[in-house]
Amino acid sequence: MTSTQIQQNMKRKGADISERTVRRRLHEVGGKYTNAISKPLLKEKHRQDRLEWAKKHQNFDWDKVIFTDESTFQLFQRRKKVWQFIERKKVFRTVKHPQKVHVWGCFSSSGFGKLVCFQRNLDANFLCKIYEKGLLPSASELFGRGNLTWILQEDNDPKHRSKIAKNWKAEKNIRVLPWPSMSPDQNPIENVWQLMKIKIAKKKIRTVKALKG
């Protein structure tokens, strides 16, 4: 709710105060006017599915799980807040179509696996190549060659659930952890991506080659 909306609500209740007073009082109690936090819209079914999933897996052996995900890193995406003055405005130059690199990564309680970088669109066929290039070698390093006791975690992206991907995983005897819908924030690799983006934003990277490095 904005300070204007608060002021209008107070006025309807008989308290005639200025918007400036509202802002001052909000600051006094620790308020900070900033961008709203975006979160997925969860329906009641999503909440129930999450709860049931959590109860079912509360004693689960997470040491056997490989957490995986894809993310995108773009050049010239650093953003920061600045003080603006009428006489001298600070301008942040943006690129209309910034170069970007898609990445697939994984990790388990034993450590991090391989990171696969690519710039093409990801489809089911290419995903299977990533499994070959990234997932299987990582599983061998993390759990030992020939060990099939590990479990693959990935979200419910249509590519992961496609017939092509399912058949590939079935042929390799790979078990997949059931994952509730609308639950990307339950995957700890999301924290890894965020930390990587924070660190990359602090570097002066100007080429895709440097970004991959």
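## A tour around helix H4 and strand E2

Start by selecting glycine 144: this residue follows helix H4, and its phi is positive, near 100 degrees. Keep in mind as you click around that the model is predicted.

Now walk back along the helix. H4 covers residues 124-143, and at tyrosine 131 it bends by about 40 degrees. At the N-terminal end, show the side chain of aspartate 123, which caps H4. One of its side-chain oxygens sits 3.3 Å from the backbone nitrogen of asparagine 125.

Next, colour H4 by burial. Buried residues here include Ala124, Phe126, Leu127, Ile130, Tyr131, Gly134, Leu135, Ser138 and Leu142. Look at the spacing in that list with one thing in mind: an α-helix has 3.6 residues a turn, so residues three or four places apart point the same way. What do the buried residues of H4 pack against? Switch on strands E1, E2, E3, E4 and E5 (151-153), plus helix H5 (163-171), and you have their packing partners.

Pick E2 out of that set. Eight of its nine residues are buried, so the strand is largely enclosed by the rest of the structure. Its pairings are worth stepping through one at a time:

- E1 (residues 65-74) runs antiparallel to E2, with eight bridges between them. Select threonine 72 and you'll find histidine 102 of E2 as its bridge partner.
- E4 (residues 116-118) is also antiparallel to E2, over three bridges. Try valine 103, whose bridge partner in E4 is cysteine 117.
- E3 (residues 111-112) pairs with E2 in the antiparallel sense too, over two bridges. Serine 108 is opposite glycine 111 of E3, and the two strands make a hairpin with two residues between them.

Last stop: cysteine 106, in E2 (residues 100-108). Is cysteine 106 buried or exposed? Its relative accessible area is 4%, under the 20% cut-off, so this residue counts as buried.

Which residues does cysteine 106 touch, leaving aside neighbours within four places in sequence? Show Ile66, Phe67, Thr68, Phe112, Gly113, Lys114, Ser138 and Ile189. Among these, Ser138 is one of the buried residues of H4, which takes you back to the helix where the tour began. For a final distance, pick the C-alpha atoms of cysteine 106 and glycine 134: they are 8.3 Å apart in space, with 28 residues separating the pair in sequence. Glycine 134 is on the buried list for H4 as well.

Terms used:
Residues are numbered from 1 along each chain as its sequence is written. This is a predicted model: local features need pLDDT of at least 70, side-chain atom pairs count only at pLDDT 80 or more; totals for chains, interfaces and linings use all residues. Side-chain values use heavy atoms; hydrogens and water are left out. Helices (H or I, at least four residues) and strands (E, at least two) are DSSP runs, numbered from the N terminus. Buried means under 20% relative accessible area, exposed over 50%, partly exposed in between (1.4 Å probe, protein chains only). Contact means heavy atoms within 4.5 Å. Two strands pair if DSSP finds at least two bridges between them. The bend at a residue is the angle between axes fitted to the seven residues ending there and the seven starting there. A polar contact is a pair of N or O atoms within 3.5 Å; within protein, one must be able to donate a hydrogen and the other to accept it, and residues adjacent in sequence count only if both atoms are side-chain atoms.
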